[in-house]
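The exercises below are to be worked with the sequence and the model open side by side. Try each task before reading its solution.

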Amino acid sequence: MKKEKTIARAKNKHHGSSVNDWFKEEEEREPGFIAAVDALVDRQALAATVRDLRAQLGLSQAELAERVGTKQPGIARLESGRVVPRLELLQKIAVAAGRRLEVRFGPAKKPARRTA
């Protein structure tokens with residue numbers, strides 16, 4: 001008869017806690033963590049906006065790149081959210097799409113609510 005080994009599982013210390021608690025802990029461990037997450041979210045939102053616009057126009061990445069005067073991998077990087085595009089590129093995309101580029105400043109994000 002084989003002896004069964006019991007595997008000790010590490011408990012997830014965040015199980016049952018709120019996302020706000022986790023963000024607070026990460027920010028304490030690594031200052032600037034929340035700002036970095038916010039920047040990533042903003043890049044992803046911009047990437048999604050460009051992808052949606054291209055889809056509305058019924059264009060492939062290569063077709064949009066040709067209209068803009070760049071190459072398809074540049075559009076792919078922009079749409080992936082891995083890069084922050086220059087305003088010049090966004091302006092060219094707007095013109096190629098028959099749109100006008102609008103840049104605005106919105107309200108600051110509220111800090112995470114502290115739970116007692």
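The exercises go from the overall fold to helix packing, then to the core and to single residues.

**Exercise 1. Overall layout**

Task: State how many helices and strands the protein chain has, and which pattern it follows along the sequence.

Solution. The model is a predicted one.
- Step 1: The protein chain has five helices and zero strands.
- Step 2: Read along the sequence, the pattern is α-α-α-α-α.
- Step 3: Of the 116 residues in the protein chain, 18% are buried.
- Step 4: Among contacts with a separation of 6 or more, 50% join residues 24 or more positions apart.

**Exercise 2. Packing of α3 and α5**

Task: Find the angle and the axis distance for α3 and α5, and classify the arrangement.

Solution.
- Step 1: Helix α3 covers residues 61-68 and helix α5 covers residues 87-96; they pack at about 105°, and their axes are 9 Å apart.
- Step 2: Angles of 65 to 115 degrees count as roughly perpendicular, so α3 is roughly perpendicular to α5.
- Step 3: From α3, the contact takes in Leu64, Arg67 and Val68, and from α5, Leu89, Lys92, Ile93 and Ala96.
- Step 4: By class, the residues of this contact are five nonpolar, no polar and two charged.

**Exercise 3. Packing of α2 and α4**

Task: Carry out the analysis for α2 and α4.

Solution.
- Step 1: The angle between α2 and α4 is about 125°, with the axes 7 Å apart.
- Step 2: This makes α2 oblique to α4.
- Step 3: On the α2 side the residues are Gln44, Ala47, Val50, Arg51 and Arg54, which meet Leu78, Glu79 and Ser80 in α4.
- Step 4: The residues of this contact divide into three nonpolar, two polar and three charged.

**Exercise 4. The nonpolar core**

Task: List the residues of the largest nonpolar core and name the elements that give two or more residues to this core.

Solution.
- Step 1: The largest nonpolar core has twelve residues: Val50, Leu53, Leu59, Leu64, Ala65, Val68, Ile75, Leu78, Leu90, Ile93, Ala96 and Ala97.
- Step 2: Two or more residues each come from α2 (33-57), α3, α4 (72-80) and α5.
- Step 3: Take Leu64, one of the core residues. Beyond its neighbours within four places in sequence, Leu64 is in contact with Arg54, Leu59, Ile75 and Ala96.
- Step 4: For background, nonpolar side chains in soluble globular proteins tend to be buried together.

**Exercise 5. Buried faces of α4 and α5**

Task: Identify the buried residues of α4 and of α5, and decide where they lie around each helix.

Solution.
- Step 1: The buried residues in α4 are Gly74, Ile75, Leu78 and Glu79.
- Step 2: Viewed down the axis of α4, they fall within an arc of 130°, so they line one face of the helix.
- Step 3: The cover over the buried residues of α4 includes α2, α3 and α5.
- Step 4: In α5, the buried residues are Leu90, Ile93, Ala94 and Ala96. Their arc, seen down the axis of α5, is within 165°, so these residues also line one face.
- Step 5: The buried residues of α5 pack against α2, α3 and α4, whereas Leu87 and Val95, on the other side of α5, are exposed.
- Step 6: Look also at what follows each helix. Gly81 follows α4 with a positive phi near 85°, and Gly98, just after α5, has a positive phi of about 70°.

**Exercise 6. Three charged residues**

Task: Say whether Arg54, Arg77 and Asp52 are each buried, partly exposed or exposed.

Solution.
- Step 1: Arg54 is in helix α2. Buried means under 20% relative accessible area; Arg54, at 16%, is therefore buried.
- Step 2: Leaving aside neighbours within four places in sequence, Arg54 is in contact with Leu59, Ser60, Gln61, Leu64 and Glu79.
- Step 3: Arg77 lies in helix α4 and is partly exposed at 39% relative accessibility. Not counting residues up to four places away in sequence, Arg77 touches Arg82 and Val83.
- Step 4: Asp52, in helix α2, is partly exposed, with a relative accessible area of 47%. Asp52 and Glu79 are 27 residues apart along the chain, and their C-alpha atoms are separated by 9.5 Å.

Methods:
Residues numbered from 1 in each chain as written. Predicted model: local features only at pLDDT ≥ 70, side-chain atom pairs only at ≥ 80, totals over all residues. Heavy atoms only, no water. Axes fitted to C-alpha atoms, helices over the stretch in contact; angles between N-to-C directions. Helix = DSSP H or I, 4+ residues; strand = E, 2+ residues; numbered from the N terminus. Parallel < 35°, antiparallel > 145°, perpendicular 65-115°, else oblique. Contact = heavy atoms within 4.5 Å. Nonpolar A, V, L, I, M, F, W, Y, C, P; charged D, E, K, R; others polar. Core = buried A, V, L, I, M, F, W, Y, C linked by side-chain atoms within 4.5 Å. Buried < 20%, exposed > 50% of the residue type's maximum accessible area, 1.4 Å probe, protein only. Arc of directions from axis to C-beta.
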